[in-house]
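Biologist: I would like a close look at a single part of this model. Please take one helix, go through its surroundings, and add whatever else can be said about local packing and pairing.

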Amino acid sequence: MVKAVIVDDEPHARESLNHMLRTYCPTVHVVGEAERIAEAYEVILKSKPDLVFLDMQLTDGLGFDLLKRFDELHFKVIIISAYQEFAIKAFKFSAVDYLLKPIDPDDLARAVDNALSKVYDDSQQQSLNALIENTKNPEKKDKLIVLRNSEGTYIVNTSEIVRCESENNSTIFILADKSRIRVAKTLKEFEELLEECGFVRCHQSHLVNRHHIEKIIRFPSLTLQLDNGDSIPVSFRKRKQF
């Protein structure tokens, strides 16, 4: 059995999640509930859960305030939020496991499986730290993005990403310091995420950070000259945009 704690300041939300876990995630056993930060801290210390469902907005503060009380997190965290549009972006940048209210049963089962499949290492803490930083100033254009692959977890400021290149259903991130990070996700997924940070799709295989464009060369074919020396082609259908 997987021991879980629910931290939410709404009694009906805790009751509903408890019921859904019994129905859709029978291996998860709720060993404690709390609605305030101090109470949640004591419950977690006492019950030593494997998994904590944590609402972002609590009566006496943010869910992050609870996590900051622990020197190390010896449990997996699934963040819960009612703020959909803002929350989804923030969670995707930070690569954390999350659920949106009202909670969908399929999303719940998926989030639990995903959280429990991860090994205990510092990557969860890094992701949560990035999420905390990104939510401090949601209007800020530069974000911290969490990139994971078989070699490790990388926390990168979007301003340091010069461009992204598609290769065999993976995306290669080329950074200002010339380093390259390959992630097993499509370029399309990152295009939608990075658009608000000044990234633009200039070609089927290329996504560039407009802040790193040094000049646009028109002849013999439209090409972007980037400040790291790379030359990136612009596809015919993107010519008017540029």
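Modeller: What follows is a description of helix 5, then of one serine in helix 2, then of strand 16 and its partners, all in a predicted model.

Helix 5 covers residues 105-117, 13 residues in all. From its first C-alpha to its last it reaches 18 Å, close to the 18 Å expected at 1.5 Å a residue. At the N-terminal end, Asp-104 acts as the cap, with a side-chain oxygen 3.0 Å from the backbone nitrogen of Asp-106.

The buried residues in helix 5 include Leu-108, Ala-111, Val-112 and Ala-115. These residues lie on the same side of helix 5, because the arc they cover around the axis is only 100°. Asp-106, Arg-110, Asp-113 and Ser-117 are on the other side of helix 5, and these are exposed. Asp-106 thus appears twice in this account: its backbone nitrogen is the atom facing the side chain of Asp-104, and the residue is among those exposed on helix 5.

Several elements contribute to the cover over the buried residues of helix 5. Among them are one helix, helix 1 (11-24), and the strands 2 (28-34), 3 (51-55), 6 (76-81) and 7 (98-100).

Ser-47 is a separate case, placed in helix 2 (residues 37-47). Its relative accessible area is 15%, and buried means under 20%, so Ser-47 counts as buried. A polar atom of the Ser-47 side chain lies 2.7 Å from the backbone oxygen of Val-43. With neighbours within four places in sequence left aside, Ser-47 is in contact with Lys-3, Val-5 and Val-31.

Strand 16 (residues 223-226) is covered on both faces. Thr-223 and Gln-225 are buried on one side, and Leu-224 and Leu-226 are buried on the other.

Strand 16 pairs with two strands, described here in turn. Strand 15 (residues 213-217) runs antiparallel to strand 16, and 4 bridges join them. Within this pairing, Leu-224 of strand 16 is the bridge partner of Ile-216. The two strands form a hairpin, with 5 residues between strand 15 and strand 16.

Strand 17 (residues 231-233) is also antiparallel to strand 16, joined to it by 3 bridges. Here Thr-223 stands opposite Pro-233 in strand 17. Strand 16 and strand 17 form a hairpin as well, with 4 residues between them. In that turn, Gly-229 has a positive phi of about 95°.

Methods. Residues are numbered from 1 along each chain as its sequence is written. This is a predicted model: local features need pLDDT of at least 70, side-chain atom pairs count only at pLDDT 80 or more; totals for chains, interfaces and linings use all residues. Side-chain values use heavy atoms; hydrogens and water are left out. The expected span of a helix is 1.5 Å times one less than its number of residues. Buried means under 20% relative accessible area, exposed over 50%, partly exposed in between (1.4 Å probe, protein chains only). The arc is that of the directions from the helix axis to the C-beta atoms. Contact means heavy atoms within 4.5 Å. A polar contact is a pair of N or O atoms within 3.5 Å; within protein, one must be able to donate a hydrogen and the other to accept it, and residues adjacent in sequence count only if both atoms are side-chain atoms. Two strands pair if DSSP finds at least two bridges between them.
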